[in-house]
Amino acid sequence: MKFLMVLACTLALPGIAIAADHGPVFSYATPVNSQGEFSFDTGIFGRNGSRGTQLSTGSGFGYGVTPHLTVNAFLPATFGSGSLPESRMVSGSEWSAGASWRFLHSVTSVGKRVESTASLGVVVPGPQQDSGVLGSLHRAPGVAGTLATGLASRSQYLWVGGGYTSFAEASHDRRPDTLSWSGVYGYQPVKLRRGYDQWDYRGFAELTGEHTGKVKNNGLILPNSSTTTLWLGPSVLAIFKDVAISGGVQAPIFRDASDSIYGRERIRFAINLSYLKYSAHTSSH
C-alpha cells in the first residue's frame, strides 16, 4: 500500500524520462528530430525494490541539425533512497549530452520504412549523489553509445537495439560498465489511427536487459557486485498534434543480482510528456 501511494503521487509530478519522441518509453528506437525541430521531454522514472524506491526526474532537450542528425542533452535529478544496481535503461543522476544519427532511412513501400540510428554521448556526474553502494563512490565522466534498428509501418513497429556505457576511474573508485539491450513490438489498430487534430494511440510490448560489471571501491573489486537482469512490460503512447504522452511498467523475468548488496528490484515504471515544435521541414517520425 505504501508503494502504491508513492507511485500515485509521483505520476502527478513533473519530471523526465528518456523516451524517444514518438517511440517506446523504456527501449531503444530510431526516431530523430527533423531539421530545425526542437523537442522537450519531461516525466518521471521509478524503480522500486526491497531496499527502497528511487525516482528520477529532470529535463531533456533535442534539436534537429539535419533531417537525420539530432543533438540532445539530458539533465536529470533523483530523489529516494533505493539501493539499486547501475542502469542505463532508466535515468539516473548523471547528466549527458550527445548526438543521434539516423544513418539508414529506406522506404520499402507506401507507409513502411526501415531505419537505423546510432547515438554517442558524454556522461558526467550530476550535482546529486546516488544512494546505496553506488552512492559511496567517487564519480568520473563516462562515454555512452547506442545502436538501434527497426521496421515501422502505419500499424506495426519493431525495433531492436543495444548500448554500452563505460566510466573512467576517480580516486581508485569506478562505476560499473553497463551493457544494455532491448526489443520492442508496437501495434496501432486502424480505429486508433486518427488525424493530426485528434488523439492518436499505439501500444508497445517492451523487453529490456542489462548487464553491469563489478564495482571498484578504494582500489578493490567488490565481490558479487555484477548484475544481469531482463525486464518485460507494456507501454502506451498517445499523440495529439505536437504533444506526446507515454507511460509504461515493467517487471523482472530474469534477475541475477546479489540481494545482500542491492536488495531485490521488483518493478520499474515511467510516464513521459514530449513536446515537438514542428518546423517548415518535414520528415517521417
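Student: How many salt bridges turn up in a search of the whole structure?

Tutor: The search finds 14 of them. Keep in mind that this is a predicted model, where local features need pLDDT of at least 70 and side-chain atom pairs count only at pLDDT 80 or more, while totals for chains, interfaces and linings use all residues. Residues are numbered from 1 along each chain as its sequence is written, and side-chain values use heavy atoms, with hydrogens and water left out.

Student: What makes the pair E265 and R47 a salt bridge?

Tutor: The term asks for a side-chain nitrogen of Lys or Arg within 4 Å of a carboxyl oxygen of Asp or Glu. In this pair the closest N and O atoms are 2.9 Å apart, so the pair meets the 4 Å limit. As background, side chains of opposite charge can pair when their charged atoms come close.

Student: Where do E265 and R47 sit in the chain?

Tutor: E265 is in strand 14 (residues 265–277) and R47 is in strand 1 (residues 38–49). They are 218 residues apart, and the pair links distant parts of the chain. Strands here are DSSP runs of E with at least two residues, helices are runs of H or I with at least four, and both are numbered from the N terminus. By that rule the chain has two helices and 14 strands.

Student: Are E265 and R47 buried or exposed?

Tutor: Both are buried. That word means under 20% relative accessible area, exposed means over 50%, and partly exposed is in between (1.4 Å probe, protein chains only). Over the whole chain of 285 residues, 47% count as buried.

Student: Why is D177 called buried, and what is its partner R174 called?

Tutor: The side chains of D177 and R174 meet in a salt bridge, 3.3 Å from N to O. D177 has a relative accessible area of 16%, which is under 20%, so it is buried. R174 has 26%, which falls between the two limits, so R174 is partly exposed.

Student: What about D200 and R202?

Tutor: They form a salt bridge as well, with the closest N and O atoms 2.6 Å apart. D200 has 8% relative accessible area, so it is buried, and R202 counts as buried at 11%. Elsewhere, salt bridges that share partners join R47, E210, E265 and R268 into one network.

Student: Why is N218 called exposed?

Tutor: Its relative accessibility is 58%, which is over 50%, so exposed is the right word. N218 lies in the loop between strand 10 (216–217) and strand 11 (220–221). N218 also has a positive phi of about 55° although it is not a glycine.

Student: Which class does K241 fall into?

Tutor: With a relative accessible area of 35%, K241 is in the in-between class, so it is partly exposed. You'll find K241 in the loop between strand 12 (227–240) and strand 13 (243–256). Its phi is near 55°, again a positive value in a residue other than glycine.

Student: Which residues does N217 contact?

Tutor: Contact means heavy atoms within 4.5 Å. Leaving aside neighbours within four places in sequence, N217 is in contact with S136, L137, H172 and D173. N217 is found in strand 10, and at 31% relative accessibility it counts as partly exposed.

Student: What makes F38, F61, Y63, V65, V71, L75, W95, V122 and V124 a patch?

Tutor: Patch residues have over 30% relative accessible area and no salt bridge; like charges are joined within 9 Å, and nonpolar side chains (Val, Leu, Ile, Met, Phe, Trp, Tyr) within 5 Å. The set you list is a nonpolar one, with about 680 Å² of accessible area together (Shrake-Rupley method with a 1.4 Å probe; for residues, only the protein chains shown count as cover). Strand 2 (52–66), strand 3 (69–80) and strand 5 (112–125) each give two or more residues, and strand 2 gives the most, with three. V65 lies in strand 2; at 38% relative accessibility V65 is over 30%, so it meets the area limit for a patch.

Student: How do you know which stretches to read with care?

Tutor: Check pLDDT, the predictor's confidence in each residue, from 0 to 100. The chain has a mean of 86, and 89% of its residues reach 70 or more. Over residues 1–21, however, pLDDT stays under 50, and over residues 281–285 it is below 50 too. Where pLDDT is low, the predicted coordinates should not be read in detail.
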